Amino acid sequence: MTKREYIRSVLSVFAKSPFRPLHMHATKGGDAVRKLSEELSAYFECDTTTVLRLNNEIDILEHEADVIKQTIRAELTSTIMLPVHADDLLNFLKPQDSISDECQDAAYWLTLRNCQVPKELEEGFRELMSRTLATVEMYELLVDTLSELLESSFGKKDVHETLELVTRVEEMEHQVDIIEKQVMKQIFEKEELLGGGGVYFFLELSKNIGRIADRTESAADRLRTMVLRR
């Protein structure tokens, strides 16, 4: 599909509901993180071919997310009636878009160094990646509730359930922070084995993965603001 055809497909969805493209956009970020999880596993297995293939696929998803973001921004004119403030929607879209951006950075980082990973670090990174992916998938569920909120005209029960999901995303992101610090500590404990370059590589990788959860939490917080200020 060409870029023009892709934009047309997004516009056709936007014409039915401006909130469906938001869910499409969130799903692109989720798909990118799922592929990053696969890429990290391939990296631990020293499967360079799969690492490079998944990195390219994540690049494509990030580009598609950008197209959806640009289309939403272009179509949010003053003539469109929205149940929320347009500025709040755009402020929410920005950190959501950063999810695929951070994922793209982490995916590329994995292509820069041959795999030489102590077993303890591998386990820590797998846990960090697993918790980050779980946070993003909880966030996808949160964004999916927007259409339900519209159908209920922001009924109290549905708003409460949405805000509860925001809290769950925040709690999960906090757990990612804890694991990220543990992984960083393990990296320094392996400094003699890894060398200076290895320490730097794995520290940056841990921060790149952690930032995905950070951006997810920020997007959830902006979504809460958008719902509460409607």
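## Exercises on an all-helical predicted model

Cys-46 is found in the loop between α2 and α3. The model is predicted, and the exercises below begin from this loop residue.

**Exercise 1.** Determine whether Cys-46 is buried, partly exposed or exposed, and state what is notable about its phi.

*Solution.* Step 1: the relative accessibility of Cys-46 is 44%. Step 2: buried requires under 20% and exposed over 50%. Step 3: Cys-46 therefore counts as partly exposed. Step 4: the phi of Cys-46 is positive, at about 60°, although this residue is not a glycine.

**Exercise 2.** Describe the secondary structure of the protein chain and state what share of its residues is buried.

*Solution.* Step 1: the protein chain has 7 helices and 0 strands. Step 2: along the sequence the pattern reads α-α-α-α-α-α-α. Step 3: the chain has 230 residues, of which 47% count as buried.

**Exercise 3.** Classify the packing of helix α7 (residues 191-228) against helix α4 (residues 86-109), and give the residue classes in the contact.

*Solution.* Step 1: two packed helices are described by the angle between their axes and the distance between the axes. Step 2: for α4 and α7 the angle is about 165°, and the axes are 8 Å apart. Step 3: because an angle over 145 degrees counts as roughly antiparallel, α4 is roughly antiparallel to α7. Step 4: the crossing of α4 and α7 is left-handed. Step 5: the contact of α4 with α7 comprises 14 nonpolar, 7 polar and 7 charged residues.

**Exercise 4.** Carry out the classification for helix α2 (residues 20-44) and α7.

*Solution.* Step 1: α2 and α7 pack at an angle of about 160°, with 12 Å between their axes. Step 2: this angle makes α2 roughly antiparallel to α7. Step 3: α2 crosses α7 in a left-handed sense.

**Exercise 5.** Test whether the end-to-end span of helix α6 (residues 156-189) agrees or disagrees with the value expected at 1.5 Å a residue.

*Solution.* Step 1: helix α6 has 34 residues. Step 2: the expected span uses one less than the number of residues, which gives 50 Å for α6. Step 3: the end C-alpha atoms of α6 are 50 Å apart, so the two values agree.

**Exercise 6.** List buried residues of α6 and examine Thr-162 in detail.

*Solution.* Step 1: the buried residues of α6 include Val-159, Thr-162, Leu-165, Val-166 and Val-169. Further along, Glu-173, Val-176, Ile-179, Glu-180, Val-183 and Ile-187 are also among them. Step 2: an α-helix has 3.6 residues a turn, so residues three or four places apart point the same way. Step 3: Thr-162 lies in α6 and has a relative accessible area of 1%, so it is buried. Step 4: C-alpha to C-alpha, Thr-162 and Leu-142 are 6.4 Å apart in space, with a sequence separation of 20 residues.

**Exercise 7.** Compare the burial of Thr-71 and Asn-56, and give one contact or distance for each.

*Solution.* Step 1: Thr-71 is found in helix α3 (residues 48-75), and Asn-56 is also placed in helix α3. Step 2: the relative accessible area of Thr-71 is 6%, so Thr-71 is buried. Step 3: the corresponding value for Asn-56 is 44%, so Asn-56 is partly exposed. Step 4: a polar atom of the Thr-71 side chain lies 2.7 Å from the backbone oxygen of Val-67. Step 5: Asn-56 and Gln-104 are 48 residues apart in sequence, and their C-alpha atoms are 9.2 Å apart in space.

How values were computed. Residues are numbered from 1 along each chain as its sequence is written. This is a predicted model: local features need pLDDT of at least 70, side-chain atom pairs count only at pLDDT 80 or more; totals for chains, interfaces and linings use all residues. Side-chain values use heavy atoms; hydrogens and water are left out. Helices (H or I, at least four residues) and strands (E, at least two) are DSSP runs, numbered from the N terminus. Buried means under 20% relative accessible area, exposed over 50%, partly exposed in between (1.4 Å probe, protein chains only). A polar contact is a pair of N or O atoms within 3.5 Å; within protein, one must be able to donate a hydrogen and the other to accept it, and residues adjacent in sequence count only if both atoms are side-chain atoms. Axes are lines fitted to C-alpha atoms, for helices over the stretch in contact, and angles run from 0 to 180 degrees between N-to-C directions. Angles under 35 degrees count as roughly parallel, over 145 as roughly antiparallel, 65 to 115 as roughly perpendicular and the rest as oblique. A crossing is left-handed if the near helix is turned anticlockwise from the far one by less than a right angle, and right-handed if clockwise. Ala, Val, Leu, Ile, Met, Phe, Trp, Tyr, Cys and Pro count as nonpolar, Asp, Glu, Lys and Arg as charged, and the others, Gly among them, as polar.
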